2 protein chains.
Amino acid sequence: MDLRQLFATNLRRLRHAKGMSQDELAFEAEMSRSYLSQLEKGKFHVSLKVLGRLADALEAAPVEFLKPPEV
Amino acid sequence: MDLRQLFATNLRRLRHAKGMSQDELAFEAEMSRSYLSQLEKGKFHVSLKVLGRLADALEAAPVEFLKPPEV
């Protein structure tokens, strides 16, 4: 199962919920804005290492990044 | 936040729930038993690509792999 879109959708949702721009989140999570932008488009499979950094920066539980969309 | 142990604990839990051996799961998820064994020990940060293969092989929801331990 390809998890890139699920991850991308949740990442955008969590960033918007925090009211953070891509620039702010990229800085906090120590990645380039370009990489973050591509993650939010579902281009890459992140590692759990990067997922952990994003969870810290967004103060979100890691499990939030793989939650299925609400219907 | 380091997610390796959380992932490892959930992976072992899900594999045991399916009654699968490491050999069986490694075969189904197309990885070596040695790599799987190390994942279950929390040695590596998996990518979402590998997490997706494990979810398929275990017929488990991806979100299960990052669930916090029940207290």
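**Figure 1. Contact between helices H1(A) and H3(A) in the predicted model.** From H1(A), the residues Phe7(A), Ala8(A), Leu11(A), Arg12(A) and Arg15(A) meet Leu36(A), Leu39(A) and Glu40(A) of H3(A). Sorted by class, the residues of this contact comprise 5 nonpolar, no polar and 3 charged. The two helices pack with their axes 7 Å apart and at an angle of about 120°. H1(A) is therefore oblique to H3(A).

**Figure 2. Contact between helices H1(B) and H3(B).** In chain B, helix H1 spans residues 4-17 and helix H3 spans residues 33-40; their axes cross at roughly 120° and come within 7 Å. The pair is thus classed as oblique, because an angle of this value falls outside the ranges for roughly parallel, roughly antiparallel and roughly perpendicular. H1(B) contributes Phe7(B), Ala8(B), Leu11(B), Arg12(B) and Arg15(B) to the contact, and H3(B) contributes Leu36(B), Leu39(B) and Glu40(B). Of these residues, 5 are nonpolar and 3 are charged, with no polar residue in the contact of H1(B) with H3(B).

**Figure 3. The buried side of helix H3(B) and the residue that follows the helix.** Four residues of H3(B), namely Leu36(B), Ser37(B), Leu39(B) and Glu40(B), are buried. Around the helix axis they cover an arc of only 160°, and therefore lie on the same side of H3(B). The packing partners of the buried residues of H3(B) are H1, H2 and H4 of chain B. After H3(B) comes Gly42(B), which has a positive phi near 75°.

**Figure 4. The largest nonpolar core.** This core has 48 residues. Within the core, the residues with the most contacts are Leu54(A), Phe65(A), Leu54(B) and Phe65(B). In chain A, at least two core residues are supplied by each of helix H1 (4-17), helix H2 (22-28), helix H3 (33-40) and helix H4 (48-58). In chain B, H1, helix H2 (22-28), H3 and helix H4 (48-58) likewise each supply at least two. In soluble globular proteins, nonpolar side chains tend to be buried together.

**Figure 5. Surroundings of Phe65(A).** Residues up to four places away in sequence are not counted here. Phe65(A) touches Leu6(A), Phe7(A), Asn10(A), Leu11(A) and Leu14(A). Phe65(A) also touches Leu51(A), Leu54(A), Ala55(A), Leu58(A) and Ala60(A). Among these partners, Leu54(A) is, like Phe65(A) itself, one of the residues with the most contacts inside the largest nonpolar core. Phe7(A) and Leu11(A) also take part in the contact of H1(A) with H3(A).

**Figure 6. Met31(A) and Val50(A), two buried residues in contact.** Met31(A) is placed in the loop between H2 and H3 of chain A, and Val50(A) in helix H4 of chain A. Each has a relative accessibility of 12%, and each counts as buried because the limit is under 20%. Apart from residues up to four places away in sequence, Met31(A) touches Ala26(A), Leu36(A), Leu39(A), Val50(A), Arg53(A) and Leu54(A). With neighbours within four places in sequence left aside, Val50(A) is in contact with Met31(A), Tyr35(A) and Leu39(A). Met31(A) and Leu54(A) are 23 residues apart along the chain, and their C-alpha atoms are separated by 9.5 Å. For Val50(A) and Ser34(A), 16 residues apart along the chain, the C-alpha separation is 15 Å.

**Figure 7. Positive phi at Glu59(A) and Glu30(B).** Glu59(A) is located in the segment after H4 of chain A. The phi of Glu59(A) is near 50°, a positive value in a residue other than glycine. Glu30(B), in the loop between H2 and H3 of chain B, has a positive phi near 55° and is also a residue other than glycine. Most residues other than glycine have a negative phi. Glu59(A) counts as exposed because its relative accessibility is 66%, and Glu30(B) counts as exposed because its relative accessibility is 63%.

**Figure 8. Glu24(B) in helix H2 of chain B.** With a relative accessibility of 43%, Glu24(B) counts as partly exposed. Glu24(B) and Leu36(B) are 12 residues apart along the chain, with their C-alpha atoms separated by 11 Å. Leu36(B) is one of the buried residues of H3(B).

How values were computed. Residues numbered from 1 in each chain as written. Chains lettered and ligands numbered in written order. Predicted model: local features only at pLDDT ≥ 70, side-chain atom pairs only at ≥ 80, totals over all residues. Heavy atoms only, no water. Axes fitted to C-alpha atoms, helices over the stretch in contact; angles between N-to-C directions. Parallel < 35°, antiparallel > 145°, perpendicular 65-115°, else oblique. Contact = heavy atoms within 4.5 Å. Nonpolar A, V, L, I, M, F, W, Y, C, P; charged D, E, K, R; others polar. Core = buried A, V, L, I, M, F, W, Y, C linked by side-chain atoms within 4.5 Å. Buried < 20%, exposed > 50% of the residue type's maximum accessible area, 1.4 Å probe, protein only. Arc of directions from axis to C-beta.
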